[in-house]
Amino acid sequence: MKKKKKTELTISKIMDAAMKEFGENGYAGGTINNICKTGINKGLIYHNFSGKDELYLSCVNRSCQKFMEYIKEQGRTDNPDRYMTARMDFFNQHPCESHIFFEALLNPPSHLAGKILQILSEFNELNEKMYTQTLDALHLREGVSRTDAVEYFHLMQLMLNGYFSSPAFQNMELQKKVEIHEMILPKLLDYMLYGIAKGED
């Protein structure tokens with residue numbers, strides 16, 4: 001077997017084991033030693049990855065890329081409602097990716113937050129695209145510019161993610177947190193865009 005192919009197979013095997021480890025135990029609970037218990041030599045891990053941080057970031061990147069590929073394959077990048085449905089479908093079908101993805105989104109290891117933000121940039125751009133497509137189909141209130149509306153979207157996104165990172169959800173199982181997050185998000189977007197009070201005749 002050629003060296004390049006052998007290296008690719010080794011990295012794939014390490015990544016599969018790491019996805020399972022971090023998907024089940026998160027960053028804090030995941031360890032290189034546990035990954036080695038699957039039959040992978042520790043020397044091979046450190047030959048291909050500098051350590052736990054690089055391996056975890058690679059898992060976050062794989063989770064994000066797999067999510068983006070799924071959404072594109074489903075043709076759900078042009079309709080906000082279909083996009084939200086496809087999001088939930090993906091997270092239900094891929095629990096390890098879901099756990100890694102949402103930990104990175106809601107509770108990233110503080111020293112990796114900057115690098116994780118870069119990895120999630122394509123995901124965040126897609127979210128903004130879905131929102132702005134909806135905005136383009138609406139007549140905004142007088143005095144509210146498109147820029148104002150997009151800034152408000154970013155603010156609400158930060159507030160929602162901060163809420164799910166708060167002590168109120170600290171002891172909640174991650175999968176349950178994901179389900180609640182994905183249930184609340186469409187409602188929040190609806191309230192943001194269309195309001196909660198009935199307009200006067």
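A residue is called buried here when its relative accessible area is under 20%. Keep that cut-off in mind as we walk through this structure, which is a predicted model.

Let's begin with the overall picture. The protein chain has 10 helices and 0 strands, so to speak of its pattern along the sequence is simply to read α-α-α-α-α-α-α-α-α-α. Its C-alpha atoms fill a box of roughly 70 × 40 × 30 Å along the principal axes. Of the 201 residues in the chain, 40% are buried. Take the contacts with a separation of 6 or more: residues 24 or more positions apart account for 65% of them.

Now to helix 5, the place to use that cut-off. It has 14 residues and reaches 20 Å from its first C-alpha to its last, close to the 20 Å expected at 1.5 Å a residue. Its buried residues are Tyr83, Met84, Ala86, Arg87, Met88, Phe90 and Phe91. What do these buried residues of helix 5 pack against? The partners are helix 4, helix 6, helix 8 and helix 10. Two of those partners, helix 8 and helix 10, deserve a visit of their own.

Helix 8 runs over residues 121-136. With 16 residues, helix 8 spans 22 Å between its first and last C-alpha, close to the 22 Å expected at 1.5 Å a residue. Buried in helix 8 are Phe123, Leu126, Asn127, Met130, Tyr131, Thr132, Thr134 and Leu135. The cover over them includes helix 4, helix 5, helix 6, helix 9 and helix 10.

Look at the helix 4 side of that cover. Helix 4 (residues 52-73) packs on helix 8 at an angle of about 35°, and the two axes lie 9 Å apart. From helix 4 come Cys64, Gln65, Phe67, Met68, Ile71 and Lys72, and they meet Glu122, Phe123 and Leu126 of helix 8. By type, the residues of this contact divide into 6 nonpolar, 1 polar and 2 charged.

Two threonines in helix 8 are worth a click. Thr132 sits in this helix and counts as buried because its relative accessibility is 11%. Leaving aside neighbours within four places in sequence, Thr132 is in contact with Arg146 and Val150. Thr134 is also found in helix 8, and at 15% relative accessibility Thr134 counts as buried too. Not counting residues up to four places away in sequence, Thr134 touches Pro80, Leu193 and Tyr194.

On to helix 10, residues 174-194. This one has 21 residues and reaches 30 Å from first C-alpha to last, close to the 30 Å expected at 1.5 Å a residue. Its buried residues are Gln175, Lys177, Val178, Ile180, His181, Glu182, Leu185, Leu188, Leu189 and Met192. Among what covers them are helix 5 (80-93), helix 6 (95-106), helix 8 and helix 9 (146-164). Just after helix 10, Gly195 takes a positive phi of about 85°.

Is Glu182 of helix 10 buried or exposed? It counts as buried, because its relative accessibility is 6%. Apart from neighbours within four places in sequence, Glu182 is in contact with Met84, Arg87, Met88, Phe91 and Phe102. Met84, Arg87, Met88 and Phe91 are among the buried residues of helix 5 listed above. Glu182 and Asn127 are 55 residues apart in sequence, and their C-alpha atoms are 13 Å apart in space. Asn127, for its part, is one of the buried residues of helix 8.

That brings us to the largest pocket, which has a volume of about 400 Å³. Of the 26 residues that line it, the closest to its centre are Met84, Phe153, Leu185, Pro186 and Leu189. Helix 5, helix 8, helix 9 and helix 10 are the elements that give two or more residues to the lining. Which element gives the most to the lining of the largest pocket? Helix 10 does, with 9 residues. By type, the lining divides into 17 nonpolar, 6 polar and 3 charged. Some names here are familiar: Leu185 and Leu189 are among the buried residues of helix 10, and Met84 is one of those in helix 5.

Methods. Residues numbered from 1 in each chain as written. Predicted model: local features only at pLDDT ≥ 70, side-chain atom pairs only at ≥ 80, totals over all residues. Heavy atoms only, no water. Axes fitted to C-alpha atoms, helices over the stretch in contact; angles between N-to-C directions. Helix = DSSP H or I, 4+ residues; strand = E, 2+ residues; numbered from the N terminus. Contact = heavy atoms within 4.5 Å. Nonpolar A, V, L, I, M, F, W, Y, C, P; charged D, E, K, R; others polar. Expected span 1.5 Å × (residues − 1). Buried < 20%, exposed > 50% of the residue type's maximum accessible area, 1.4 Å probe, protein only. 1 Å grid on protein atoms, 1.4 Å probe; cavity = no way out; pocket = protein on both sides within 12 Å on 5 of 7 lines; lining within 4 Å. Points joined across faces, edges and corners; volume = space filled by probe spheres on them.
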